[in-house]
Amino acid sequence: MRKVLVSLLLTLVVFFAFANYLGYDATGKKGGTLILPTLSGPRTCNDTVSKETSSSDVIAMFMSWGGTLIERSAIDGKFYPALAEKWDGPRLTKDGGMEIIWYLRKGVKWSDGEPFDADDVVFTFNEIYTNPDIPSSFKDVIRSTNGYLPKATKINDYTVRMYYPEPFRLALRYLGGMYIFPKHKAESWVKNKKFAEFWTVDAINKKEIVGLGPFIPVEYVPDQYVRFVANPNYWKKTKDGTQLPFLKEVVYKIISSQDAQKLAFEKGEVDIYSQRGTEFRGTEFNYFKENEKKFNITVLAYGPAYGTQFITFNWNNKDEAKREWFRNVHFRKAVAYAMDKKKMIDTLFNGLAVEQWSPVSMASPYYNDKVTVKYPYDLNKARAELKLGGFSWDKNGKLIDSKGRPVKFIIETNAGNTVREGMGNIITAALKQLGMDITFVPGDFNTLINRMLNVGDWDAIIIGLTGSDEPQGGRNVWAIDGSLHFWNLSPKVANWVDEKAYWLPDFEKEIDKIFAENVRILDENVVKDYWAKYQKLASENIPLIYTVNPLRLFAWRNTIKNVKITMLGGTTWNLDWLYKEE
């Protein structure tokens, strides 16, 4: 069996002649401030604590873009050297395990001038990300089939070995992309078992943040902005010797609504509009496209997006009636049939979106249309599903369950996100036609996320997730013990979940098994079979009821140079070599 695995591995591994790092061939000018819009400020600067994009966007500035062992090019999809100038593996070991040997770049310094070496990598890996006392969503995605977490070993000051007891298909991608913490700053917090308190947002203004990435946060004014300055010790230089990043500063300007962000971009107050491309409405796209010359901007459609937007229900609701409704697959199918996706596409995206049915984006090579179950808008089919689920209607046309309880609940989303608010209004109107008593309430995004994950006092939420070409990246969402398995959080993960009332259906066990097992399969065709089964189970049981998948739409000021939009990357994937003409 091991010989077969070795053969498959050798077939799949692309022997990589180690190229120069990303940005080495870049040209540009030093200076300038890039201003990006964001809907809300960060809640933390600690990657293990972060659960919202408002925090992860800030963290990426000082921990990503050259702050990882390797980087993936959005142009060709290949992995390039970063903090590791080269590596051996992934390769099978004599005991049936798998290893990667990383050879670290010498002379790299943290932003505070302290040297970076193997101790930082080993400390981060063994004492933080695989520490059983420190919760982290990263732990979810690097766990192998039989639940093993890899171990890092220091060979010398600039060489690190990472080892799995069994094959793990995505070892290079995930281990190489790990964010690295400074041992000299974080070690005492780990030893004192207070790591969750490390790098709160207060650390920004206290100038305590230390990173290997291109920009360091130095000022945070709540509800106004987060300001970053170029890392004076950033290790990357272009081939002519110019130190990156080109930009002097980056500012995340906090603008709490999509309409206000549109106006700010129109006035020239921000340089990029909706840099993720997931909330850019089609009407806005057409407006800006027609006015490219007037506003001196470039507008581009490139899609579809990798992310998802959906409505989901709290299966662990403290209300017994609601728990029964939300766990009823016929109820969820009824909601799916009541999803007027064509109306969403026409009214919210001006036609620049497609209906979404699968947790895997149509842009992914793993998307399988043949196995995905679809629920085209049809209120008659929705009523039929409700009947199958034991629901009926009283004399006033109000929906009641088998025990005569009226179906009444609250749908929430984040205020200021006009697309999700529009979806909420469309969904609410349709469900009211089915006799449901619905209240739709937009609210603060960070508060909503906290309640969804840490409190549990919610009924239904319209929200979204970023995605990628690799479905395994969603393990922390779909695994039973995943930290973002929010519709049915395990009592082992969330202490607010009543263990006696907890319910785990067979399809969730099957999906959990798929996420555990696919990573030890090295035959790509077999991997595609696994993901086909996952899509079939997810679409048949729809714990997440998908809305639409927008095309990736981008707009940026023409003063921003080196923008390279691809299927894998948007306006800021190469942030460390963007520059601005002023």
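**Exercise 1. Find where Pro245 lies, and describe the peptide bond before it.**

Solution. Pro245 sits in the loop between β9 and β10 (249–254). The model examined here is a predicted one. Next, look at the bond that leads into this proline: the peptide bond from Leu244 to Pro245 is cis, and its omega is near 0°.

**Exercise 2. Locate a cis bond inside a strand, then a residue with positive phi.**

Solution. Start from the background: most residues other than glycine have a negative phi, and most peptide bonds are trans. Gly89 and Pro90 are joined by a cis peptide bond, with omega about 0°. Pro90 belongs to strand β4 (residues 84–92). For the second part, turn to Trp65, which is not a glycine and yet has a positive phi of about 45°. Trp65 is placed in the loop between α2 (53–63) and β2 (70–72).

**Exercise 3. Give the strand order of the sheet that contains β1, and work out which strands are at its edges.**

Solution. Step one is the order: 4 strands make an open sheet, arranged β1-β10-β9-β8, with mixed pairing. Step two is the edges: β1 (33–38) and β8 (215–221) each pair on one side only, and are the edge strands. Step three is the twist: on average, neighbouring strands of this sheet are turned by 20° against each other, direction ignored.

Now take one pair from the sheet. β8 and strand β9 (residues 225–230) run antiparallel to each other and share 6 bridges. As a check on the model, find Val221, which stands opposite Tyr225 in β9.

**Exercise 4. Do the same for the sheet that contains β18. Why does β18 have a side without a neighbour in the sheet?**

Solution. This open sheet is formed by 5 strands in the order β18-β17-β19-β13-β20, and its pairing is mixed. β18 (437–443) and β20 (544–546) are at the edges with a single partner strand each, so one side of each has no neighbour in the sheet. Neighbouring strands here are turned by 30° against each other on average, direction ignored.

The partner of β18 can be read from the order: β17 follows it. Strand β17 (residues 408–414) pairs with β18 in the parallel sense, over 7 bridges. To place the two strands against each other, use Ile411, whose bridge partner in β18 is Phe440.

**Exercise 5. Classify two helix pairs by their axes.**

Solution. Two packed helices are described by the angle between their axes and the distance between the axes.

- First pair: helix α13 (residues 341–348) packs with helix α15 (residues 418–433) at an angle of about 140°, and their axes are 10 Å apart. This angle makes α13 oblique to α15. The crossing of α13 past α15 is right-handed.
- Second pair: helix α18 (residues 506–517) and helix α19 (residues 524–541) have axes that come within 10 Å and cross at roughly 155°. Angles over 145 degrees count as roughly antiparallel, and α18 and α19 are therefore roughly antiparallel to each other. The crossing of α18 past α19 is left-handed.

**Exercise 6. How many cavities of 30 Å³ or more does the structure hold, and what lines the largest cavity?**

Solution. Begin with the count: there are 3 cavities of 30 Å³ or more. The largest cavity encloses about 60 Å³ of space. Its lining is made up of Ala336, Lys341, Gln356, Trp357, Tyr375, Ile542, Ile545 and Tyr546. Last, sort these residues by type: the lining of the largest cavity has 6 nonpolar, 1 polar and 1 charged. Lys counts as charged, and Lys341 is among the lining residues.

Terms used: Residues numbered from 1 in each chain as written. Predicted model: local features only at pLDDT ≥ 70, side-chain atom pairs only at ≥ 80, totals over all residues. Heavy atoms only, no water. Pairing = 2+ DSSP bridges. Axes fitted to C-alpha atoms, helices over the stretch in contact; angles between N-to-C directions. 1 Å grid on protein atoms, 1.4 Å probe; cavity = no way out; pocket = protein on both sides within 12 Å on 5 of 7 lines; lining within 4 Å. Points joined across faces, edges and corners; volume = space filled by probe spheres on them. Parallel < 35°, antiparallel > 145°, perpendicular 65-115°, else oblique. Left-handed = near helix turned anticlockwise from the far one by under 90°.
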